[in-house]
Amino acid sequence: MLFAALDPRANPAIVLPMSDSIAVTVRCFAAVRECLGQSQLEVQIPVGATVAALLQVLVARAPKLAAVPLAFAVNRAYAKPEQVLAAGDEVALIPPISGG
C-alpha cells in the first residue's frame, strides 16, 4: 500500500501529533507559585478547554490553589474563565496584589 510507510504501526519512528490535546504555558505569581511550586509550567489540556477547565487541572495537582482568588490573563490580556484556549497560549494566574 502506498501509505503504509506513514502508518506508525509499520514505522514506529513516525510520531503523529495528538489532535485531542494542546499545550499551554501557565505563568504563576505569588500565592499561585507557592501552591504549584514553580513560576512557569507547561500543561496539556483537551482541545476546546477553557481557562476554568485549566484551573481545574491545576487544582487537582495542588488543592490549596482552590482557595486562592484569581484573575486570569491569556496572552497578556485579561480573560474570563469561559475563554477557550488555543495551542501555545500563555495563561497567567494572577492572585490579588497588595502593597504600598
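Begin by selecting Arg76 and Glu90, whose side chains form a salt bridge with an N to O separation of 3.8 Å. The model on display is predicted. This pairing joins distant parts of the chain, for Arg76 lies in the loop between β3 (71-74) and β4 (77-79), while Glu90 belongs to strand β5, 14 residues apart.

Colour the selection by solvent accessibility next. Arg76 is exposed, its relative accessible area being 73%. Glu90, at 21% relative accessibility, counts as partly exposed; the cut-off for burial is under 20%.

Keep Glu90 selected and add Arg27. These two residues also form a salt bridge, in which the closest N and O atoms are 3.6 Å apart. Here again distant parts of the chain are linked: Glu90 is in strand β5 (residues 90-94) and Arg27 is in strand β1 (residues 21-28), 63 residues apart. Arg27 has a relative accessibility of 25% and therefore counts as partly exposed.

Now display Arg27, Arg76 and Glu90 together. Salt bridges link these three residues in a network. Glu90 takes part in the bridge to Arg76 and in the bridge to Arg27. As a general point, side chains of opposite charge can pair when their charged atoms come close.

How many salt bridges does a search of the whole structure find? The search finds two.

Definitions and conventions:
Residues are numbered from 1 along each chain as its sequence is written. This is a predicted model: local features need pLDDT of at least 70, side-chain atom pairs count only at pLDDT 80 or more; totals for chains, interfaces and linings use all residues. Side-chain values use heavy atoms; hydrogens and water are left out. A salt bridge is a side-chain nitrogen of Lys or Arg within 4 Å of a carboxyl oxygen of Asp or Glu. Helices (H or I, at least four residues) and strands (E, at least two) are DSSP runs, numbered from the N terminus. Buried means under 20% relative accessible area, exposed over 50%, partly exposed in between (1.4 Å probe, protein chains only).
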